[in-house]
Amino acid sequence: MDRLDREILGILQEDARISYRDLGVRVGLSANAAGDRVRRMRRDGVIRGFTVIVDPAADTRSGLVVFIDVSLRLDTTNDQFERSVLTLPGITEVVHVTGPHDYLVRATAADSGSLDTLLRRLRNDAGVAHSNTRIALRAAPAR
């Protein structure tokens, strides 16, 4: 990856829907050259996908959006946890992090009862020793 690739990634993180023509103009390449670089980064796994960020308050169908800080039991490996947690309903993202917790889990739950069930399954089925749950109230608009 070179300077142009990093610049392209920065632009795509701001606006993944930008046309290759507009992307090329911003980095000094033709539309085809910009598109080639994006396709290469996707093929090489640098770009793993594109996503839509929805304000939790706007998506009333999903119920609660929660962030769960997770600490694993001593007898649970990272691989075991990752395999187990990804089978649970409502899990949308699992990130291994630094700091006092082992993972940050993003999930949706229809209501507080569903959240309680999810938290119990994390402890009983996925090897979680401790967790701290935060409920998203709204998301600031991306710029």
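## A hairpin to start with

In the hairpin of β2 and β3, G99 takes a positive phi near 105°. Six residues lie between the two strands of this hairpin. The model is a predicted one.

Strand β2 covers residues 91–96, and strand β3 covers residues 103–109. The two pair in the antiparallel sense, over five bridges. Two of the partners can be named. H96 has Y103 in β3 as its bridge partner. V95 has L104 in β3 as its bridge partner.

## Strand β3 has two neighbours

Strand β3 also pairs with strand β1, which covers residues 64–72. Seven bridges join β1 to β3, and these strands run antiparallel. Here, D69 stands opposite L104 in β3. L104 is therefore a useful residue to find on screen: under the pairing rule of at least two bridges, β3 pairs with β2 and with β1, and L104 is the partner of V95 and stands opposite D69.

## Two faces of β3

Which side chains of β3 point to the buried face? They are Y103, V105, A107 and A109. L104, R106 and T108 point to the other face and are not buried. The side chains alternate along the strand. Buried here means under 20% relative accessible area.

## The whole chain

Now step back from the strands. The chain has five helices and four strands. From the N terminus on, the order is α-α-α-β-α-β-β-α-β.

How do the contacts spread along the chain? Take those with a separation of 6 or more. Residues 24 or more positions apart account for 61% of them.

## Size and surface

What is the radius of gyration of the chain? It is 19 Å. A compact globule of 143 residues would have a value near 15 Å. Along the principal axes, the C-alpha atoms fill a box of roughly 55 × 35 × 25 Å.

Of the 143 residues, 30% are buried. The accessible surface of the chain comes to about 9,600 Å². Carbon and sulfur atoms hold 49% of that surface.

## Charges

The chain carries 21 positive and 19 negative side chains. How far apart do the centres of the two sets lie? The centres are 3 Å apart.

Notes:
Residues numbered from 1 in each chain as written. Predicted model: local features only at pLDDT ≥ 70, side-chain atom pairs only at ≥ 80, totals over all residues. Heavy atoms only, no water. Rg over C-alpha atoms; globule rule 2.2 N^0.38 Å. Buried < 20%, exposed > 50% of the residue type's maximum accessible area, 1.4 Å probe, protein only. Contact = heavy atoms within 4.5 Å. Areas by Shrake-Rupley, 256 points an atom, 1.4 Å probe, with all protein chains shown as cover. Lys, Arg positive; Asp, Glu negative; His and termini not counted. Charge placed at Lys NZ, Arg CZ, Asp CG, Glu CD.
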